[in-house]
Amino acid sequence: MIGNIEVRGLTRTFHTTVRRPGFAGALRSLVNPERVAKHAVSDITFDVAAGELLALLGPNGAGKSTTIKMLTGILTPTSGEARVAGVVPYRERERNARNIGAVFGQRTQLWWDLPVRESFAILRDIYDVPEAEHAARLREFDELLGLSSFSDTRVRHLSLGQRVRCDLAAALLHDPPVVFLDEPTIGMDVVVKEQVREFLRHQVAERGRTVLLTTHDMTEVERLAERVVLVNHGRLVLDGTLDEIRRTFGSTWQVRATLADPHTPVGPLPGIALIRRDGPQVVFGPDGPAAPTVHQALKQVIERYEVTGVAVDEADLEDVMRTAYAQAEAV
Amino acid sequence: MPVNAVRTAWRITCLNFRAQLEYRTEFLMNIAIGAIWQVSVIVFATVLLTRFTGMGGWDTSDVLLIPATRMLAHGLFVLFLGRVHGLGRSIQEGRIDAYLLRPMPVYRQVQLQYFPTNAIGDLTVAMGLMVGALGRSHLDWTAGRISYLIAAILGGLLLEAALFTAVASASLRFPAADYWGRWLEELLGTFGSYPLNVLPRAVGGLLTYGLPLAFVAYFPAAVLTGHGHTTGAPYWLAAASPLVGLVAYLLSRFLWRWSLGHYTGVNG
């Protein structure tokens, strides 16, 4: 399938020298260095279907960027296999480069001293994009990202938000089926963030591009991702939809109901526990791993009891991921 | 290199040059620094011409051919392949990662990262020196000698590129290896202008077989001026200097490819 990503047992090990404390320790390390293997990515397996947007999440140092670097052909894995749009990225780097676009939020891939427009023209030549196609695509990106107001500015003079928007456009000018985004909205203001998110939604929904996104911004995940892969210490901790993740780690929702008849007997429902009762006020919460989502629980409560009012307290994705990271850390 | 790749490289070079032109003061300062950087060579040539009649058994006019050849080879190296020098910074800034994302050889992208304005200064000094050296030369400049001189300059360019490509290959793994590049530049500038037979035999041997500095300009100048049999190295080896440059460059490019395959990146 064009545009899909297959990752099988991907592992990347770096060998580093252990720094012993103190001056004597430093000298000992110089004479007799102790080398240790650090598994930045360890035996990771997942797939991304063509046209899917997957969020690759994890705390700092979890192995997200290393994974993306292997899938973009920057790094060669120590073991395991990966295919991006049918190409093994680290074996056929240049062929893979034609199939992918990549944005690393903290670094630009544009020519620092050249105006944006000329950087785009160079990329057109490098990727052999026909002139008419290039012009049409630039028009489309301009409409979505508002590039024309700074397209004659040198990259070194752009603000962060302008620069990342240009990097996004540059990454997609050759119409790649697969896009890798490593923290693309880091440091942006909310207006530009929203503009970028809208652009990404458009690229997935209208253009059918496959997107692999890493971010620490959970609002971004909620608004863009259908599926999430969670990694920690280089290992895959979870691969599932946002609902599944909420079910697994988001055990903090509560449904508060006011009963029409305060004497109605109340008990637990399937997967739902009664947390407390105070006259007509009852509070339900999730019960065990098979607990329903908050929306399903709400439906069950309303169907089972006659209520005059309901309220829902739901942990946001930030809380859910905090729990997920904490549990992953404890494993 | 396919036609389209040449066209793209030319286009990027023109844009980079235009970008440098827009910062007028910086542009002129870079040209000046390129020329001033060679002040030691200019002083050497001036002292040689005004105070000495020769050096190490060579006439002044013959000796002058050594710095002229080296300077011209160096100026062309800076112009065409010089961006490989000082690559450690690009590696630490993660620019190599960006190059690996484009369907273009990384080495070519390194060379196209900016226009080396200082090469204009280098080449201006080098051309002046070469014109002076040829003007004072007593040799009969036949087509064969001219061809050999051109081959020697190109060989010197490639040899210098080979040395810095080897350092850059090491920098891909150990960015601190960049310091070796600075030392190499210093070494080439310091010893590249002399007939190496004036140095102690061990040092001459080291600069021939350890760091092949002798092949850049000393051996070709010796062959051209009839000192080819007194260099301490076999004549055929001295005469093959341009070829040594080519072979060294090709080997360095293999080393580069191997090192790039083992690139570990920065920041995880």
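Let me begin with a single pair of residues: Val178(A) stands opposite Thr210(A), which lies in strand 7 of chain A. Before going further I should say that what we have here is a predicted model, with an ipTM of 0.81 and a pTM of 0.83.

That pair belongs to a contact between two strands, since strand 6 of chain A is joined by five bridges to strand 7, residues 210-214 of chain A, and the two run parallel. On another pairing, strand 6 of chain A meets strand 5, residues 100-104 of chain A, again in the parallel sense and over five bridges, and here Phe180(A) in strand 6 is the bridge partner of Ala102(A).

Is strand 6 of chain A mostly covered or mostly open? It is mostly covered, with five of its five residues, 178-182, counted as buried. In a regular strand, the side chains alternate between the two faces of the sheet. In strand 6 of chain A both faces are covered, with Val178(A), Phe180(A) and Asp182(A) buried on one side, and Val179(A) and Leu181(A) buried on the other.

Leu181(A) also brings us to the nonpolar core, as it is among the residues in contact with Leu213(A), once the neighbours within four places in sequence are left aside; the others are Leu53(A), Ala55(A), Leu56(A), Leu224(A) and Ala225(A). The largest core holds 141 residues, and within that core Leu212(A) and Leu213(A) touch the most other members. Its largest share, 14 residues, is supplied by helix 9 of chain B, residues 143-173. There is also a second, separate core of 11 residues, including Ile272(A), Phe284(A), Ala297(A) and Val301(A).

Let me step back to chain A as a whole, which has 11 helices and 13 strands, and whose C-alpha atoms fill a box of roughly 75 × 60 × 40 Å along the principal axes. Of its 331 residues, 40% count as buried, and among its contacts with a separation of 6 or more, 70% are between residues 24 or more positions apart. The domain assignment divides chain A into domain 1, residues 5-246, and domain 2, residues 253-314, and the C-alpha centres of these two domains lie 43 Å apart.

Next I would like to look at helix 4 of chain A, residues 116-126, which is largely enclosed by the rest of the structure because nine of its 11 residues are buried. Those buried residues include Val116(A), Phe120(A), Ile122(A) and Leu123(A), and also Glu118(A) and Arg124(A). What covers the buried residues of this helix? The cover includes helix 5 (131-145) and helix 6 (160-172) of chain A, together with helix 1 (3-21) of chain B. After helix 4 of chain A comes Asp128(A), which has a positive phi, near 55 degrees.

That brings us to the meeting of the two chains, where 19 residues of chain B are in contact with 26 residues of chain A. On the side of chain B that touches chain A, helix 1 and helix 6 (95-100) of chain B each supply at least two residues, and helix 1 of chain B gives the most, with six. By class, this side of chain B has nine nonpolar, seven polar and three charged residues.

Finally, a word on confidence in chain B, where the average pLDDT is 90 and 99% of the residues score at least 70. Confidence in chain B is highest in helix 14, residues 241-261, at 97, and lowest in helix 3, residues 39-51, at a mean of 76.

Conventions
Residues are numbered from 1 along each chain as its sequence is written. Chains are lettered from A and ligands numbered from 1 in the order in which they are written. This is a predicted model: local features need pLDDT of at least 70, side-chain atom pairs count only at pLDDT 80 or more; totals for chains, interfaces and linings use all residues. pLDDT is the predictor's confidence in each residue, from 0 to 100. Helices (H or I, at least four residues) and strands (E, at least two) are DSSP runs, numbered from the N terminus. A residue is buried if 20 or more other C-beta atoms lie within 10 Å of its own, exposed if 12 or fewer, and partly exposed in between; C-beta atoms are placed from the backbone. Two residues are in contact if their C-beta atoms, placed from the backbone, lie within 7 Å. Ala, Val, Leu, Ile, Met, Phe, Trp, Tyr, Cys and Pro count as nonpolar, Asp, Glu, Lys and Arg as charged, and the others, Gly among them, as polar. A nonpolar core is a set of buried Ala, Val, Leu, Ile, Met, Phe, Trp, Tyr and Cys residues joined through C-beta atoms within 7 Å. Domain bounds come from an automatic or database domain assignment. Two strands pair if DSSP finds at least two bridges between them.
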